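Colleague: I am new to this structure and would like a close look at a single part of it. Please start from one buried position and work outwards from there.

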Amino acid sequence: MVLGVATHANQLVRADRCSVFMVDEARQQLFSIATDSGKEIRIPKSAGIAGECATENKLIVIDDAYEDPRFNPEFDKKTGYRTQSIIAVPVKKPPTYDTCCAVIQMINKMEFDEEIGKFDE
């Protein structure tokens with residue numbers, strides 16, 4: 001269900017890329033499956049932008065990733081991709097909605113003229 005929501009959210013906000021990180025509370029990690037290789041990716045729950053979104057259970061909007069100390073540019077360096085704007089949205093766990101069970105992270109909002117824009121809250 002989270003993947004379906006992420007697909008529609010990605011199209012709705014016109015993001016160039018979208019990742020879903022599920023929370024593994026037992027291991028205190030976030031994990032995702034790479035769409036290109038099918039490999040599982042695991043990071044510490046407290047790491048980076050997705051980690052802060054998950055641990056704080058809050059929305060994070062970043063206009064310039066390279067100006068944000070939480071951003072890790074390693075993926076960009078490996079692939080040649082250029083991350084500019086980011087929005088990380090917590091998927092809150094019912095019934096109390098006080099914990100995060102996943103993070104939907106979208107990168108580079110694409111404007112109608114195909115320029116990279118900024119995400120709105």
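Modeller: Setting aside neighbours within four places in sequence, I62 is in contact (heavy atoms within 4.5 Å) with I49, D68, R70, Q84, S85 and I86. I62 belongs to strand 4; helices (H or I, at least four residues) and strands (E, at least two) are DSSP runs, numbered from the N terminus. With a relative accessibility of 4%, I62 is classed as buried, where buried means under 20% relative accessible area, exposed over 50%, and partly exposed in between, using a 1.4 Å probe and protein chains only. K109 is 47 residues from I62 along the chain, and the two C-alpha atoms are 11 Å apart.

This is a predicted model, in which local features need pLDDT of at least 70 and side-chain atom pairs count only at pLDDT 80 or more, while totals for chains, interfaces and linings use all residues. Residues are numbered from 1 along each chain as its sequence is written, and side-chain values use heavy atoms, with hydrogens and water left out.

Strand 4 covers 60-62, and I60 has contacts of its own. Beyond its neighbours within four places in sequence, I60 touches I49, E52, C53, R70, I86, I87 and A88. I60 is also one of the residues that touch the most other members of the largest nonpolar core, a list that includes I49, I86 and A88 as well as L30, A54 and V103. A nonpolar core here is a set of buried Ala, Val, Leu, Ile, Met, Phe, Trp, Tyr and Cys residues joined through side-chain atoms within 4.5 Å. This core has 17 residues. Strand 1, helix 2 (48-56), strand 4, strand 5 and strand 6 each give two or more residues to this core. Helix 2 supplies its largest share, 4 residues. Separate from this core is another one of 7 residues, including A15, V20, I104 and M106. In soluble globular proteins, nonpolar side chains tend to be buried together.

Next come the loops. Strand 5 (86-92) and strand 6 (100-110) are joined by a loop that holds P95, and the peptide bond from P94 to P95 is cis, with omega near 5°. Y97 is in the loop between strand 5 and strand 6. Y97 has a positive phi of about 60° although it is not a glycine, and with a relative accessible area of 47% it is partly exposed. Another positive phi in a residue other than glycine is that of Q28, near 55°. Q28 sits in the loop between strand 1 (15-24) and strand 2 (29-33) and is partly exposed, at 42% relative accessibility. Most residues other than glycine have a negative phi, and most peptide bonds are trans.

As for the whole chain, there are 3 helices and 7 strands, in the order α-β-β-β-α-β-α-β-β-β along the sequence. The chain's radius of gyration is 14 Å, close to the 14 Å from the globule rule for 121 residues, so the chain is as compact as a globular protein of that length. That radius is taken over C-alpha atoms, and the rule is 2.2 Å times the number of residues to the power 0.38. Buried residues account for 36% of the 121 residues. Of the contacts with a separation of 6 or more, 46% are between residues 24 or more positions apart.
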